[in-house]
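Open the structure in your viewer and keep the selection tool at hand. Each stop below tells you what to select and what is there.

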Amino acid sequence: MDALLQSYDADLCPPSAAFFGMIGASSALIFANLGAAYGTAKSGVGIAAAGVMKPDGIMKSIIPVVMAGILGIYGLIIAVIVGTKITGPDSEPGYSAFKGYAHLAAGLSTGLSGLAAGLAIGIAGDAGVRASARQPKMYVGLILILIFAEVLGLYGLIVALILQTSAESNGPQSCKKQ
């Protein structure tokens, strides 16, 4: 262990770097699932209310719930990608502060974008499902609004993938002292 510490550059690769990477992985999943849960619950209330008026339109109204559930998948994808890239100080090439911060940023971009998209899907889905139950011509507008809300989460996923790729190709290539 002493040999490891003597050959290890703690400035480039501090032990706290893995902490930031793990926070990034967990925040991607936590915040995206919070958005997915809110979007599902809020839209589900609207579906239940609309189902009382038009029971035959329940399956058509389930789209907001599906779109909200996809947000959780975005968070899971980034959490798995980031989580598998986190290494300890004794592994080669090591886990640098640059990678830790990039993985934190990737997790937050996915998680918080997923949370925002889930809030938008829940509110728009609830109101839209109720409105389309009363006026079927509103359905196309509902779908367009839901697509624009869902794409907010997709933007966060895309940015997270770019940040994660940047973490792998940039920054120090080794934690060993030169």
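The tour of this predicted model goes from the core to the salt bridges, the aromatic rings and the surface.

**Stop 1: the core**

Select Leu-71, Ile-78 and Ile-121. Of the 26 residues in the largest nonpolar core, these three touch the most other members. Helices H2 (16-53), H3 (63-85), H4 (97-134) and H5 each give two or more residues to this core. Which helix gives the largest share? H2 does, with seven residues. In soluble globular proteins, nonpolar side chains tend to be buried together.

Now keep only Ile-78 and show what surrounds it. Leaving aside residues up to four places away in sequence, Ile-78 touches eight residues, among them Ala-28, Ala-106, Thr-110 and Leu-157.

**Stop 2: the salt bridges**

A search of the whole structure finds two salt bridges. Side chains of opposite charge can pair when their charged atoms come close. Select Lys-42 and Asp-126, whose side chains meet in a salt bridge at 3.5 Å, N to O. This pair links distant parts of the chain, with Lys-42 in helix H2 and Asp-126 in helix H4, 84 residues apart.

Add Arg-130 to the selection. Its side chain meets that of Asp-126 in a salt bridge at 2.7 Å, N to O. Asp-126 and Arg-130 are separated by about one helical turn, because they are four residues apart in helix H4. Lys-42, Asp-126 and Arg-130 are thus linked in a network of salt bridges.

Is Asp-126 buried or exposed? Asp-126 counts as buried, because its relative accessibility is 9% and the limit for buried is under 20%. Lys-42, at 29%, is partly exposed, and so is Arg-130, at 33%.

**Stop 3: the aromatic rings**

Select Phe-19 and Phe-20. Their ring centres are 5.5 Å apart and their planes stand at 70°, so the pair is edge-to-face. Phe-19 is partly exposed at 48% relative accessible area, and Phe-20 is partly exposed at 24%. Add Tyr-101, which forms one aromatic cluster with Phe-19 and Phe-20.

**Stop 4: the surface**

Select Leu-152, Leu-154, Tyr-155, Ile-158 and Ile-162. They form a nonpolar patch on the surface, with about 450 Å² of accessible area together. Leu-152 is found in helix H5 (residues 139-169) and is partly exposed, with a relative accessible area of 36%.

Finish at Asp-11, in the loop between helix H1 (2-7) and H2. Asp-11 counts as exposed at 72% relative accessibility. Select Gly-153 as well: the C-alpha atoms of Asp-11 and Gly-153 are 35 Å apart in space, and the two residues are 142 apart in sequence.

Terms used
Residues are numbered from 1 along each chain as its sequence is written. This is a predicted model: local features need pLDDT of at least 70, side-chain atom pairs count only at pLDDT 80 or more; totals for chains, interfaces and linings use all residues. Side-chain values use heavy atoms; hydrogens and water are left out. Patches are made of residues with over 30% relative accessible area and no salt bridge: like charges are joined within 9 Å, nonpolar side chains (Val, Leu, Ile, Met, Phe, Trp, Tyr) within 5 Å. Accessible areas come from the Shrake-Rupley method with a 1.4 Å probe; for residues, only the protein chains shown count as cover. A salt bridge is a side-chain nitrogen of Lys or Arg within 4 Å of a carboxyl oxygen of Asp or Glu. Buried means under 20% relative accessible area, exposed over 50%, partly exposed in between (1.4 Å probe, protein chains only). A nonpolar core is a set of buried Ala, Val, Leu, Ile, Met, Phe, Trp, Tyr and Cys residues joined through side-chain atoms within 4.5 Å. Contact means heavy atoms within 4.5 Å. Rings of Phe, Tyr and Trp (its six-membered ring) pair if their centres lie within 6.5 Å; planes under 30 degrees apart count as stacked, over 60 as edge-to-face and the rest as tilted.
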